[in-house]
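Hi,

Here is the structure I promised to pass on. Please open it first, then read my notes underneath.

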Amino acid sequence: MDAINLQQQVIKAAKEKGILPQIPEISKIPIPAIHKIEWDLTFRCNDRCKHCVTDSGPERKEFTTFSDAIKIIDNIAEHTLLKRVRDYFKDVEFCFKPPAKLKELENLENPPKELTDKLSRDYLDCLHGKNYDTTIKYNNTSKKISFGRPHIRLSGGEFFMWPYRSDNKILSYKKRLEKQSELLKEIRKKLPDYDIWILTNGRFATSQEKADEVIRCWTKNASPIDEQGKVRICISIDPFHKPPSSSTIEEMLSRIWKSCKKFNISSPFFYGIPGREIYYAGRAFSTMKTGDLKNFKDISGSKFNPINNYCVATNDLSNTGCNEVTGFSVKIDNNSMVLVNNINISPDGHLAFCCAQVGDYGDFVNDPVNTLRMLIAHPIAFMLRKKEFVVSFLNLVVEMDPTIKAYGVRRNAAVGSTCYQLLTGKRN
Ligand code: SF4
């Protein structure tokens with residue numbers, strides 16, 4: 001049975017067994033607002049890491065076309081939580097006060113000597129816009145609100161490799177840079193309050209000139225207007241990443257650091273592997289085994305992220321359900337509530353369930369409204385996110401397709417990375 005067929009069959013069986021509760025008709029579901037966005041513009045990459053959650057690499061061709069990318073930005077701008085609240089209150093101001101930690105990290109004078117666990121966690125919290133002191137002001141009153149800084153993370157694949165082609169021609173890196181710069185200009189124009197994070201492996205920085213050229217193009221159009229959203233570079237560093245040609249990781253970091261200072265943006269941020277846990281999905285699903293990973297080959301040749309133990313972990317959803325597909329709601333007055341979702345966008349312009357870019361809520365480029373409603377109503381996402389259904393649901397999946405390997409034990413027997421196998425059709 002192929003993946004789509006299997007998904008349809010399990011939805012049908014879940015309904016019959018009462019595991020899938022009644023979901024309201026799609027047209028009656030409120031349109032959720034968007035707050036944070038993770039956007040993989042391409043699966044193409046200039047590296048091919050063993051643990052890559054999106055299975056990216058030089059052989060991958062998927063990318064968002066430039067014209068679809070512009071539509072995506074328009075669609076996001078039309079449906080942000082900030083717009084929804086502004087439309088409701090008319091005269092409203094938001095104030096996002098950043099946590100002291102973020103200010104400290106973005107103003108660091110020199111690169112840290114190494115990416116310790118604590119530093120890695122701090123960087124991750126900042127990357128996720130956590131711990132902001134946010135206030136909303138309207139009608140001469142001001143109220144604390146719980147949602148953090150809205151932001152868009154441009155990721156992949158490698159953002160530097162986007163867009164791979166245009167008009168059937170493979171683009172040179174200079175042409176790609178022009179497109180990247182235009183895209184960033186459009187994001188800044190349409191989403192002025194948004195922070196923009198460019199997630200990169202940094203391998204473009206083969207020389208100081210090249211690092212300067214790239215960072216200048218990325219930042220010249222994305223700089224803050226009236227101190228609103230900022231642009232920041234976040235470099236992914238761990239023992240599975242290769243340095244650029246004829247360079248070391250340390251040289252690469254130093255070049256990017258100097259460029260960020262030269263173009264007057266925040267010091268670069270760093271992304272390690274959070275909690276030393278490798279998600280058992282993407283390429284790790286075919287290149288690694290679950291459990292402790294002690295004797296692996298460090299191909300970074302760097303002391304920057306000096307870690308020698310990881311755990312390759314299945315994704316146990318039994319206690320909380322899937323956090324990736326949850327949203328939240330904001331009460332804006334006694335009568336009105338807004339549903340909010342953070343979204344993951346795939347290179348094909350569809351909304352995906354999680355950062356591994358699996359699952360499909362539909363075509364966000366051409367049908368954003370129904371796609372956003374599906375965030376609430378998609379039957380599989382619905383069962384995955386509810387802790388009271390998730391175990392029975394995934395056990396049903398394994399029962400219906402015995403080629404799926406169950407990793408958990410006892411009552412969690414079907415939890416493991418079952419959702420990944422169900423959604424991708426991959427097995428090992
Ligand atoms: S650099 Fe990042 S996107 Fe590219 S293969 Fe490695 S982990 Fe994946």
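Start with strand E2, residues 92-97. None of its residues reach the buried class: the number buried is 0 of 6, so E2 lies largely in the open. Keep in mind that this is a predicted model.

E2 does have a partner. It pairs with strand E3, residues 133-138. The two run in the antiparallel sense, with 6 bridges between them. To find your way along the pair, pick Phe94: its bridge partner in E3 is Ile136.

Next, the domains. The domain assignment splits the protein chain into domain 1 (1-30 + 349-428) and domain 2 (32-314). Note that domain 1 is given as two segments. The centres of the two domains, taken over C-alpha atoms, are 28 Å apart.

The domains also touch. On the domain 1 side, 17 residues are in contact with 18 residues of domain 2. Helix H10, residues 368-377, supplies the largest share of that domain 1 side, with 4 residues. By type, the domain 1 side holds 11 nonpolar residues, 5 polar and 1 charged.

Last, the ligand. Which residues come nearest to it? There are 13 residues around the ligand, and the nearest are Cys45, Asp47, Cys49, Cys52 and Asn201. The shell as a whole has 7 polar residues, 3 nonpolar and 3 charged.

If you look at one thing per region, I suggest Phe94 and Ile136 for the strand pair, H10 for the domain contact, and Cys45 among the residues nearest the ligand.

Best wishes

How values were computed. Residues numbered from 1 in each chain as written. Predicted model: local features only at pLDDT ≥ 70, side-chain atom pairs only at ≥ 80, totals over all residues. Near = placed C-beta within 6 Å. Nonpolar A, V, L, I, M, F, W, Y, C, P; charged D, E, K, R; others polar. Buried ≥ 20, exposed ≤ 12 C-beta atoms within 10 Å, placed from the backbone. Pairing = 2+ DSSP bridges. Domains from an automatic or database assignment. Contact = placed C-beta atoms within 7 Å.
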